[in-house]
Amino acid sequence: MSSKLELLKQLRDITGAGILDCKKYLVRASNNLDDAIKLMRSEEGVKADKKSSRVAAEGVVYFLSNSSRSLMIEINSETDFVARGDDFLDYVNQTCEIIISSSYSSIDDLNNSKDASIKNNLEELRKNYVTKLGENIQIRRFHCLDNSEGFITGYTHNNKIGAVVSLSKDDSQLSKDICMQIVASDPLALDENSIDQSLLANEKEIYKAELDKVDKKDDIKRNIMEGKIKKFISDNTLLNQPYIKDSSLTLKKILKDNNILSYTRYQLGEGIEKKQEDCADQRASQIKALQQ
């Protein structure tokens with residue numbers, strides 16, 4: 001193997017960049033490996049900053065647990081094409097290991113901290129993979145729990161929707177079933193007491209407007225209203241929803257002497273305005289990005 005090809009291989013192994021980029025920087029650095037690395041890394045931040053303005057609504061919802069902590073995270077990319085690749089998943093795993101080894105419970109906790117070390121590590125890692133993959137990548141949110149806070153279980157469906165639940169007592173099968181219930185039914189709250197009262201008031205206004213058009217006595221309308229509100233609460237609170245394994249039961253009955261201490265549900269890209277592209281467009285965009 002010629003010395004140039006050996007340098008090209010070394011630069012690619014060190015930086016993870018594409019062959020064309022490695023060749024370009026070696027030429028600019030007169031085949032000096034150290035200078036090529038410095039030049040590449042001095043410019044990759046500029047490239048990453050330019051890409052950071054682009055919408056990232058694809059990616060993964062991922063769960064990781066170790067002996068002391070459990071983490072659910074959403075990390076976004078621009079296209080599903082990139083999100084399904086091994087390189088992106090490698091980035092996700094490395095990011096999760098950094099976060100789960102820290103003491104932070106959420107992205108806000110991390111951002112509001114003065115811990116420059118972990119922030120710099122995460123940002124350097126992110127920029128490296130933005131350069132390597134040619135797309136904007138963002139850590140959107142995460143929820144990290146100490147395992148001492150309860151019996152914690154997480155579940156993700158196709159890396160697109162995930163849930164993590166904390167129970168007061170150990171029960172592997174029940175906790176997994178509850179996670180699946182949360183993923184499938186998207187409850188608004190745990191029970192009637194924890195549901196947003198403004199949301200209930202809004203539902204009542206909607207039902208009232210509907211009933212105002214009905215020619216029935218006030219007491220009948222009142223009974224109808226109470227029935228609609230009761231059904232709304234039943235359909236949208238975790239403890240009162242029909243159990244996914246047996247619709248004749250509810251989680252309230254299944255739990256018995258156990259309790260749900262907390263739960264969190266993430267759905268990939270929820271609330272982000274997505275750019276509509278088909279698979280062919282995504283691939284074309286990816287190829288174009290890699291050529292930049």
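Aromatic pairs first, so I noted the rule I went by: rings of Phe, Tyr and Trp (its six-membered ring) pair if their centres lie within 6.5 Å. This is a predicted model, and on that rule I found two aromatic pairs in it.

**Entry: the F88 pair.** One of the pairs is F88 with Y91, and I get 6.3 Å centre to centre and 45° between the planes. Planes under 30 degrees apart would count as stacked and over 60 as edge-to-face, so this one goes down as tilted. I also checked where the two sit: both are in helix α5, three residues apart, which means about one helical turn separates them.

**Entry: confidence.** I looked up the pLDDT before going further. The chain averages 86, with 86% of its residues at 70 or more. Residues 45-53 are where I stopped, with pLDDT below 50. That stretch still has 17 contacts in the model beyond near neighbours in sequence. I'm leaving those alone, because coordinates should not be read in detail where pLDDT is low.

**Entry: α5 and α7.** Which way do α5 and α7 run relative to each other? Their axes cross at roughly 180° and come within 11 Å, so I wrote them down as roughly antiparallel. Helix α5 covers residues 86-100 and α7 covers 116-133. From α5, the contact uses D87, F88, D90, Y91, Q94, T95, I98 and I99. From α7, I listed I118, L122, L125, R126, Y129, K132 and L133. By type, I have nine nonpolar, four charged and two polar residues in this contact. Both members of my tilted pair, F88 and Y91, are on the α5 list.

**Entry: the sheet with β1.** Next I traced an open sheet of three strands, β1-β2-β3 in that order, with antiparallel pairing. At the edges I found β1 (58-65) and β3 (138-146), each pairing on one side only. Ignoring direction, neighbouring strands here are turned by 10° against each other on average. I counted eight bridges between β1 and β2 (residues 69-77), and F63 has M72 of β2 as its bridge partner. Helix α5 turns up again here: it lies across β1, β2 and β3, at about 140° to β2.

**Entry: the sheet with β4.** I then went through another open three-stranded sheet, order β4-β5-β8, again paired antiparallel. Which strands are at the edges? I have β4 (151-157) and β8 (260-267). Seven bridges link β4 with β5 (residues 161-167), and I found F151 opposite L167 in β5. For the helix, I noted α8 (residues 172-185) lying across β4, β5 and β8, at about 140° to β5.

How values were computed. Residues are numbered from 1 along each chain as its sequence is written. This is a predicted model: local features need pLDDT of at least 70, side-chain atom pairs count only at pLDDT 80 or more; totals for chains, interfaces and linings use all residues. Side-chain values use heavy atoms; hydrogens and water are left out. pLDDT is the predictor's confidence in each residue, from 0 to 100. Contact means heavy atoms within 4.5 Å. Axes are lines fitted to C-alpha atoms, for helices over the stretch in contact, and angles run from 0 to 180 degrees between N-to-C directions. Helices (H or I, at least four residues) and strands (E, at least two) are DSSP runs, numbered from the N terminus. Angles under 35 degrees count as roughly parallel, over 145 as roughly antiparallel, 65 to 115 as roughly perpendicular and the rest as oblique. Ala, Val, Leu, Ile, Met, Phe, Trp, Tyr, Cys and Pro count as nonpolar, Asp, Glu, Lys and Arg as charged, and the others, Gly among them, as polar. Two strands pair if DSSP finds at least two bridges between them.
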